[in-house]
Amino acid sequence: MSSERRLDFPLDIVPKVGSLTYLNDHVRWIRMPLPMSLNHINLWGLGSSDNLTLVDTGMHLDDTKNAWINLIKEQNLTIKDIVVTHMHPDHIGMAGWFVKECNTSFSMSRSDYLQCRMLSADTGDNVPHEAIDFYTQAGMTEGQIKTFIKRFGFFGSIIHPLPEAYTRLKDSDVLNVDGIEWAVIEGRGHSLEHLCFFSKELNMFISGDQLLPTISSHVGIFPTEPKANPVEEWIASCHKLIDVLPQDVFVLPAHGRPFIGAHKRLHALIEHHETSLSKLYDALKTPKRSVDVFDVLFKREIDEGNLIMATGESLAHLNCLIYRGQIRKYLKDGHSWYEQI
Ligand SMILES: [Zn+2]
C-alpha cells in the first residue's frame, strides 16, 4: 500500500475481548470473541449505561454469552435497544438473546431481517437442488459438494432464534440516542441492505462491515440469487460513502481498529475490485470456470474452509463482467464457462 493510502489509527488502547472502552461520553467500544482467525468483533454501546443502545451483538456462542453476562454485571449496564448493521452471525447472533433476556427492542433493515429469518430456518435435512446445481455448475467436485451438503444449515446454529418481530430502519432515517442524532446510511454488496450510522455532531461513523481498515469485505453471491451483481452494488456504495462522509470522519469498523481516512480507504477498495475485474477479464481470453480463476482473484490459499466464500466472490466478479458486457457465459458438460466477448 503506498504511503498516501496509509490510514491514521489515533487510539492507543484496544479493549480486551469481553471488555469496553469509552471513546467519549456517548460511545463505548466493546469487543467480543470470534472463533476464527479473525478473532474479534467490535460492537458499539451508545447513550448512557442505564439506557444503552447496542449496535451489533456478537456471535451466538457460549463464550460470547458468558462475556456479555460478565460485562453487563461488571459495568452495571441496562441495555434497552439492539440495532444490527446486517444479518451475518457475528453481528446479529446474540440479538434474539438480548430481546429475550433483557427485554430490549430490536431494529435492523427489512431485507436483512427477512433473509436472516429464511436462512436460519434452513436445516441440514433438505438441501435444495438449486444450491447443488449452483455449486456443481461453478465447478466444485463431488467431494466438495458432499462437504457443502454436510454443512448446510450451519448458519442457523450460530444465531440465537431471531425475534418474531422487529423495527425497520432504512436509508435516511435518523436514530436519536440520548440527544445524539445518527443518520442511517445504507450500503450494498456485502449484505442486501447493510446499515451504517453517521453522527455529524460527533463526526463518527459506525461502519459495520461496509468499510473496514484492512480487510476487503466479502462480496459474493449465493444460490438463492445466482444472477445478483453485488460487486457493482458494492462499488456504487463506496462512491456513495465518499459523497456523504467528511474526509476526517472517525470510522468505527466492526473488525480492526477505529481509523481516520475513510476516503482513502474507499478509493482503495474501489481500485481493488476494479483491478480484480480487469485481471479476470484478461484471464478469460481462454474459457474458464469460476473455480479456475481463484489464483487470479485471491492471494490466499483456497481450501475446504473458504471454498464456498471464494466461489461466491469469484462468481460475483464474473457476473459483474457479464453485466458490463465484457464476457459471456455458457453451459458445457454441466459446468458454467466464461470467456471474453
Ligand atoms: Zn458481514
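This is a guided tour of two sheets, a helix pair and two loop residues in a predicted model.

Before you start, note that residues are numbered from 1 along each chain as its sequence is written. Because the model is predicted, local features need pLDDT of at least 70 and side-chain atom pairs count only at pLDDT 80 or more, while totals for chains, interfaces and linings use all residues.

**Stop 1: the seven-stranded sheet**

Select strands 1 to 7. They form an open sheet in the order 1-2-3-4-5-6-7, and the pairing is mixed. Strands are DSSP runs (E, at least two residues) and helices are DSSP runs too (H or I, at least four), numbered from the N terminus. Two strands pair if DSSP finds at least two bridges between them.

Go to the edges. Strand 1 (20-22) and strand 7 each have a single partner strand, so one side of each lacks a neighbour in the sheet.

Now pick residues 27-33 and 40-48. These are strand 2 and strand 3, antiparallel and joined by seven bridges. Met32 has Ile41 in strand 3 as its bridge partner. Add residues 62-75: this is helix 1, which packs on the sheet and touches strand 1 and strand 2. Touching here means contact (C-beta atoms, placed from the backbone, within 7 Å). The direction of helix 1 makes about 145 degrees with that of strand 2. Such angles run from 0 to 180 degrees between N-to-C directions; axes are lines fitted to C-alpha atoms, for helices over the stretch in contact.

Move to strand 5 (residues 79-83) and strand 6 (residues 105-108). They pair in the parallel sense over three bridges. Asp81 is bridged to Ser105 of strand 6. Strand 6 also pairs with strand 7 (residues 167-168), again parallel, over two bridges. There, Ser107 has Thr167 as its bridge partner.

**Stop 2: Asn103**

Select Asn103, in the loop between helix 3 (95-102) and strand 6. Its phi is near 55 degrees, a positive value in a residue other than glycine. Most residues other than glycine have a negative phi. Is Asn103 buried or exposed? Asn103 is exposed, with 9 other C-beta atoms within 10 Å. The count uses C-beta atoms placed from the backbone: 20 or more others within 10 Å is buried, 12 or fewer is exposed, and in between is partly exposed.

**Stop 3: the six-stranded sheet**

Select strands 8 to 13. This open sheet has the order 8-9-10-11-12-13, with mixed pairing. Strand 8 and strand 13 (259-260) stand at its edges, each with a single partner strand, so one side of each has no neighbour in the sheet.

Inside it, take strand 10 (residues 194-199) and strand 11 (residues 204-208). Three bridges pair them in the antiparallel sense. Phe198 has Phe205 in strand 11 as its bridge partner.

Next, click Asp178, in the loop between strand 8 (174-177) and strand 9 (180-187). Phi of Asp178 is also positive, near 55 degrees. Asp178 is exposed, with 12 other C-beta atoms within 10 Å.

**Stop 4: helix 8 and helix 9**

Select residues 230-244 and 262-283. The axes of helix 8 and helix 9 come within 9 Å and cross at roughly 160 degrees. That makes the two helices roughly antiparallel (angles over 145 degrees count as such; under 35 is roughly parallel, 65 to 115 roughly perpendicular, the rest oblique).

Show the side chains in the contact. Helix 8 supplies Val231, Trp234, Ile235, Cys238, Leu241 and Ile242; helix 9 supplies Ala262, His263, Leu266, Leu269, Ile270 and His273.

Note on methods:
Contact = placed C-beta atoms within 7 Å.
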